[in-house]
Amino acid sequence: MITPLLELRELIKKNKLDAVLISSHSNIVYLTNYSGFSKEEREAYLLVTKNKQYILTDGRYAQAVEHLITNFELIEISSKLSFENKLKDLAKKNKIKKLGFEPHDMTVLEHKKLSRLFNDLNHLTLNSLRSIKTPEEILFIEKACKLGDKTFSYILKKIKEGISEKELAFEIEFFIKKHGADISFPPIVAFGKNSAIPHHVPTNNQLTNNQIILLDFGVKLDNYCSDMTRTVFFGSANAEFKRMYETVLAAQQKSIEKINILMSQSPNIPASQIDRAARDYIISKGYKTIPHSVGHGIGLEVHESPRLSPKSRDILKEGMVFSIEPGIYIPEIGGVRIEDVVVLEKSGPRLLTKSTHQPIDI
């Protein structure tokens with residue numbers, strides 16, 4: 001069985017490195033299966049050489065690490081033994097001269113410190129490590145999606161005239177946490193013209209009759225994320241909303257159909273073509289282009305590789321999990337987005353989100 005550490009060592013070998021320093025929270029979780037470190041604060045690093053692996057952290061986590069991360073050697077850092085000094089010792093001990101690091105998760109100050117220790121620093125992209133999910137990971141994501149579907153059913157019952165966007169966002173978060181999970185990102189709740197803002201931040205704006213409601217939220221369960229968007233109408237949907245909704249739903253289906261077509265030709269599918277299928281359809285119906293990518297990978301993070309965008313060079317392969325989320329946004333009127341999580345299997349794409357796509361009037 002190929003483990004994450006073995007995969008990482010293959011990357012070390014491929015890039016002719018002596019070791020790699022792992023700093024991102026998600027990759028630390030992936031390699032150790034421990035999620036106790038803060039995402040906001042730098043509380044740990046991993047140093048992986050060709051035949052050894054170390055975890056560098058402080059005394060607050062020493063006991064937990066010793067009990068829960070048995071395949072990494074603990075290096076406890078403190079005011080007396082700084083990270084830089086210990087890394088210098090490990091570099092000498094393991095004859096590390098060529099070090100890989102994560103460029104997208106490194107501050108300027110951290111890079112300066114590393115530069116003083118190593119003359120040969122190398123950018124190393126680790127997207128390929130996590131882009132193809134194991135069957136166990138897919139089950140975790142599917143479990144998160146199921147709770148997301150339950151949350152949507154619950155929140156529909158909470159929609160009433162006078163409720164605010166913030167109150168509805170709170171209800172989403174409360175329901176998810178009540179069921180032993182966490183949110184994978186702050187929920188987006190947008191009423192009326194606010195739904196034309198793709199990443200609207202909920203306000204005290206109150207719901208009135210005949211308004212669009214856009215709901216975008218995700219669950220984080222067992223470290224893995226879900227993500228879904230549904231757009232409903234409070235009142236009696238007008239012709240404009242119905243046309244927008246039908247166009248977005250058809251655009252999403254165009255992307256899914258494109259995956260099936262390309263899979264019949266090759267096991268490797270250009271992600272850009274899946275974006276184009278939805279984007280071109282929306283434009284053909286007289287709407288402006290989608291202001292965001294049509295999809296993104298989902299796993300330990302709610303946004304990760306692959307990226308389904310017009311300029312993406314990513315290739316979709318069996319075992320990848322990603323969203324498909326076309327949208328139409330008309331300023332001062334409103335927007336419609338429909339988002340589902342898809343796993344690419346040998347037989348084709350399978351939806352992990354099960355909430356209805358039928359138009360809903362409340």
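## Report on a predicted chain

Pro-306 has its place in strand E15, residues 304-308. Helices (H or I, at least four residues) and strands (E, at least two) are DSSP runs, numbered from the N terminus. This is a predicted model, in which local features need pLDDT of at least 70, side-chain atom pairs count only at pLDDT 80 or more, and totals for chains, interfaces and linings use all residues. Residues are numbered from 1 along each chain as its sequence is written, and side-chain values use heavy atoms, with hydrogens and water left out.

### Backbone points

The peptide bond that leads from Ser-305 to Pro-306 is cis, and its omega is near 5°. Most residues other than glycine have a negative phi, and most peptide bonds are trans. Three residues with a positive phi are set out below.

| Residue | Phi | Place |
|---|---|---|
| Asn-223 | about 80° | loop between strand E10 (219-221) and E11 |
| Glu-332 | about 70° | loop between strand E18 (327-330) and strand E19 (334-337) |
| Lys-95 | near 55° | follows H4 |

Glu-332 counts as exposed, at 61% relative accessibility. Here buried means under 20% relative accessible area, exposed over 50%, and partly exposed in between, with a 1.4 Å probe and protein chains only.

### Helix H4 and its surroundings

Helix H4 (residues 83-93) packs with helix H5 (residues 108-117) at an angle of about 35°, and their axes are 10 Å apart. Axes are lines fitted to C-alpha atoms, for helices over the stretch in contact, and angles run from 0 to 180 degrees between N-to-C directions. The crossing of H4 and H5 is right-handed; the term applies if the near helix is turned clockwise from the far one by less than a right angle, and left-handed if anticlockwise. On the H4 side, Glu-84, Leu-87 and Lys-88 make the contact, and on the H5 side Lys-113, Leu-114 and Leu-117 do. Contact means heavy atoms within 4.5 Å. Sorted by class, this contact has 3 nonpolar, no polar and 3 charged residues. Ala, Val, Leu, Ile, Met, Phe, Trp, Tyr, Cys and Pro count as nonpolar, Asp, Glu, Lys and Arg as charged, and the others, Gly among them, as polar.

The buried residues in H4 are Phe-83, Lys-86, Leu-87, Leu-90 and Ala-91. Seen down the axis of H4, these buried residues fall within an arc of 140°, so they line one face of the helix. The arc is that of the directions from the helix axis to the C-beta atoms. Lys-88, Lys-92 and Lys-93 are exposed on the other side of H4. The cover over the buried residues of H4 includes strand E1 (19-22), strand E2 (44-49), strand E3 (53-57), strand E4 (73-76) and H5.

### Helix H3 and strand E3

In H3, Tyr-61, Ala-62 and Val-65 are buried. The arc they cover around the axis is only 125°, which puts them on the same side of H3. Arg-60, Gln-63 and His-67 are exposed on the other side of H3. E3 and E4 are what the buried residues of H3 pack against.

Thr-57 lies in strand E3 and counts as buried, at 0% relative accessibility. Neighbours within four places in sequence aside, Thr-57 is in contact with Phe-37, Glu-43, Ala-44, Val-65, Leu-74, Ile-75, Glu-76 and Ile-77. Asp-314 is 257 residues from Thr-57 along the chain, and their C-alpha atoms are separated by 34 Å.

### Nonpolar cores

A nonpolar core is a set of buried Ala, Val, Leu, Ile, Met, Phe, Trp, Tyr and Cys residues joined through side-chain atoms within 4.5 Å. The largest has 37 residues, and Leu-8, Ile-22, Phe-37 and Phe-72 have the most contacts inside it. Among the elements that give two or more residues to this core are helix H1 (4-14), helix H2 (25-32), helix H3 (59-68) and helix H7 (135-156). Another core, of 29 residues, lies apart from it, and includes Leu-316, Met-320, Ile-324 and Leu-344.

Which residues does Phe-72 contact, leaving aside its neighbours within four places in sequence? They are Leu-5, Leu-31, Thr-32, Leu-46, Val-48, Gln-53, Tyr-54 and Ile-55.

### Lys-254

Lys-254 belongs to helix H9, residues 239-263, and is partly exposed, with a relative accessible area of 36%. Ala-277 and Tyr-281 are in contact with Lys-254, its neighbours within four places in sequence left aside. Lys-254 and Ile-274 are 20 residues apart in sequence, and 8.3 Å apart in space from C-alpha to C-alpha.
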